[in-house]
Structures are given as C-alpha cells and as structure tokens.
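Notebook open, coffee poured. I want to look up the spaces inside this one, then the packing, then the backbone.

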Amino acid sequence: MSETLQTTDVAASDADLLAQTAIAVREAGSALRERFGEVVRYQTREELMRALAANDDTALDILRPRLTRLRPDAGWVEDELDGGALPPGEWWVVDPAEGNVNHLHALPEWAVTATLVRENQPVLTAVHLPLTGETYTALTGAGAHLDGRPLYVSRTADLGLSIVATSQARPDEDEKVVRRVGSSITAMLFDALVVRAAVPATLHLLNVAAGRIDAFWQFAGARADLLPGALLVTEAGGRISDAEGRPWTPQSQSFLAAAPGVHAEAVSTLSR
C-alpha cells in the first residue's frame with residue numbers, strides 16, 4: 001500500500017510540475033511573439049549569431065528563473081545543440097527558440113520547448129507554438145496531449161500511403177551525415193507518398209504524435225530537438241528507434257519516430 005501511495009504522490013507531483021512548465025513556455029513564447037513579424041537582416045555569420053542569441057536570451061530570461069524555482073536541484077543544459085548522455089540526476093533540456101532561424105526570417109515554424117530529464121529519461125515535456133497558441137504536453141505514463149486533448153499516432157500501415165519528414169540536424173554538419181541525409185530522402189521518395197524536409201525537428205514530431213505525419217527521421221541531432229518529440233510520440237503510441245531499428249538513446253547517431261504500422265518499412269527504407 002505504501003508503495004502505491006508513493007507512486008501516486010510522485011505522479012501527482014510530476015503532473016503539477018508539467019502544468020507549471022507549460023505556463024513557463026507559454027510566457028516565453030509570448031515574449032518571442034512580440035519580436036516576430038519582420039525579417040531580421042544580417043550580412044555576416046556574426047550578425048546572425050547575435051540575432052539568434054537575442055531571441056534565445058529573451059526566452060531564457062523567462063524560462064530559467066521559473067524552471068529553476070520548480071526544480072532548484074536540477075541541472076541546466078546550456079547549449080541546445082549539445083548531444084549525448086547527461087550526467088546522473090535531473091536536468092532541464094530547453095530550446096528557448098526551436099526553429100530560431102525561421103523566427104528571424106518571419107516564417108511561422110518555431111516553438112519554445114522545455115523537457116525534464118531524469119536519469120537520462122525524459123519524464124515530462126511542454127512545447128508551445130506561439131503563433132497558433134497551441135501547447136503540446138506529455139508526461140511519462142500519462143499520455144500526450146494538445147491543449148488537454150489526447151493525441152494518438154496514425155493507424156497507417158503502408159509506407160506507400162504515408163507522409164514522412166526529415167530535418168537538418170545542425171548547421172555545418174559533417175559531410176558524411178549530409179550525404180546520408182540526401183540518400184535517405186531519395187530512398188523515401190521512392191517508397192513513401194510524400195516527403196517533407198524542413199526545420200525544426202520538433203514540429204515534425206508534434207505532427208507524428210498527432211497522427212498528421214506517419215514517420216520522421218534524422219541523422220545525428222541534439223537532445224533539445226529530439227527529446228520533446230520522442231516523449232510526445234511515445235506517449236501517443238508511436239515507436240522510437242534509431243534508423244536501423246535499435247533502441248534510441250541521446251547517444252544514437254540516428255533517430256526514427258513512426259506510427260507502429262509503418263515503422264518496420266521505414267527502417268527497411270532507411271537501411272538501404
């Protein structure tokens with residue numbers, strides 16, 4: 001009985017924490033929305049980096065104090081482009097402006113994300129899309145939701161009837177990774193119905209969790225652009241692996257999220 005009560009208490013605590021995390025990402029998103037609308041002009045890489053940092057700082061000035069108050073002992077991942085395993089304990093993995101380059105170019109595909117990782121497993125995530133007002137959330141064992149409505153991956157069982165998507169992992173990617181991305185897109189063009197290629201990864205993964213897209217893959221990648229969507233897709237009933245079908249971890253060199261009915265076909269296509 002005591003074990004059951006303890007589990008319930010922990011679940012309730014995490015559910016409340018998720019609700020507060022969702023409030024934080026919405027507040028940060030509102031601040032970024034005020035900065036959105038005009039294309040930000042830059043002539044050099046340095047100017048671009050300063051513009052990206054200004055957006056990040058705007059959101060982080062809101063997110064960092066709020067999330068730190070919620071979990072004072074949790075670590076904080078400083079660079080959203082970092083990958084690999086985290087040290088033991090709890091960590092906030094935050095992308096203050098996921099799709100930041102899109103924001104600077106007045107494109108609508110961007111978001112604010114915050115994920116709590118416990119012993120290298122994502123336990124809760126909140127993703128807010130300021131231009132639509134939508135907030136996607138997931139809590140381990142409690143499902144994935146869009147503004148409180150449960151999300152489910154698609155029931156498609158034929159890759160040939162599927163919309164699939166991929167994303168560029170990071171700028172200045174290794175040449176081998178770039179060529180692998182190109183060959184995988186070619187393979188999917190033969191096997192899938194429609195192939196979408198755009199950044200950021202998180203928005204594609206939201207669509208997988210919501211059943212709008214049937215599969216998403218990426219080679220390499222960072223924790224911040226994969227962990228939120230990985231938890232959302234898993235809690236919506238999807239399958240997560242690397243591109244060869246092996247269990248995915250933040251150390252993996254590839255990533256695949258798919259509806260169960262097309263996962264095996266997607267692995268076969270990506271393995272060619």
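I sorted the lining of the largest cavity by class and got 6 nonpolar, 4 polar and 1 charged residues. For the classes, Ala, Val, Leu, Ile, Met, Phe, Trp, Tyr, Cys and Pro count as nonpolar, Asp, Glu, Lys and Arg as charged, and the others, Gly among them, as polar. The model is predicted, so to speak of local features I need pLDDT of at least 70, and side-chain atom pairs count only at pLDDT 80 or more, while totals for chains, interfaces and linings use all residues. Residues are numbered from 1 along each chain as its sequence is written, and side-chain values use heavy atoms, with hydrogens and water left out.

**Entry: the cavity.** I found 1 cavity of 30 Å³ or more in the structure. About 50 Å³ of space lies in the largest cavity. My grid note: on a 1 Å grid over the protein atoms alone, a cavity is a set of points where a 1.4 Å probe fits but cannot get out, a pocket is an open set with protein on both sides within 12 Å along at least five of seven lines, and lining residues have an atom within 4 Å of a point. Points are joined across faces, edges and corners, and a volume is the space filled by probe spheres set on the points. Among the residues lining the largest cavity I listed Gly83, Arg223, Leu226, Trp248 and Phe255. Helix 6 and strand 12 (254-258) are the elements that give two or more residues to this lining; helices (H or I, at least four residues) and strands (E, at least two) are DSSP runs, numbered from the N terminus.

**Entry: the second largest pocket.** Here I read about 280 Å³ of space. Its lining has 14 residues, and Asn120, Gln121, Pro122, Ala230 and Trp248 are the closest to the centre. Which element supplies the largest share of this lining? Helix 6 does, with 4 residues. Strand 4 (121-129) and helix 6 (223-235) each supply at least two. By class I count 8 nonpolar, 6 polar and no charged residues in the lining.

**Entry: asparagine 120.** I came back to this pocket residue for its backbone: phi is near 65°, a positive value in a residue other than glycine. Asparagine 120 sits in the loop between strand 3 and strand 4. I also found a positive phi, near 50°, at aspartate 147, in the loop between strand 6 (143-146) and strand 7 (149-150). Most residues other than glycine have a negative phi, and most peptide bonds are trans. A cis peptide bond turned up between valine 199 and proline 200, with omega about 5°.

**Entry: helix 5.** Proline 200 is in the loop between strand 9 (194-197) and helix 5. Is helix 5 enclosed or open? I find 9 of the 9 residues of helix 5 (residues 201-209) buried, so it is largely enclosed by the rest of the structure. Buried means under 20% relative accessible area, exposed over 50%, and partly exposed in between (1.4 Å probe, protein chains only). Glycine 211 follows helix 5 and has a positive phi, near 80°.

**Entry: the cores.** The largest nonpolar core has 52 residues, and Tyr136, Met188, Phe216, Leu232 and Phe255 have the most contacts inside it. Helix 6 gives this core the most, 7 residues. A second, separate core of 26 residues includes Ala24, Ala74, Trp92 and Ala114. By my rule, a nonpolar core is a set of buried Ala, Val, Leu, Ile, Met, Phe, Trp, Tyr and Cys residues joined through side-chain atoms within 4.5 Å.

**Entry: alanine 257.** This residue is in strand 12 and is buried, with a relative accessible area of 0%. Leaving aside neighbours within four places in sequence, its contacts (heavy atoms within 4.5 Å) include Leu205, Val208, Phe216 and Ile240.

**Entry: aromatic pairs.** My search of the whole structure finds 3 aromatic pairs. Phenylalanine 36 and tryptophan 110 have ring centres 5.5 Å apart and planes at 40°, so the pair is tilted. Rings of Phe, Tyr and Trp (its six-membered ring) pair if their centres lie within 6.5 Å; planes under 30 degrees apart count as stacked, over 60 as edge-to-face and the rest as tilted. Phenylalanine 36 is partly exposed at 22%, whereas tryptophan 110 is buried at 2%. I also noted one aromatic cluster, formed by Phe216, Trp248 and Phe255.
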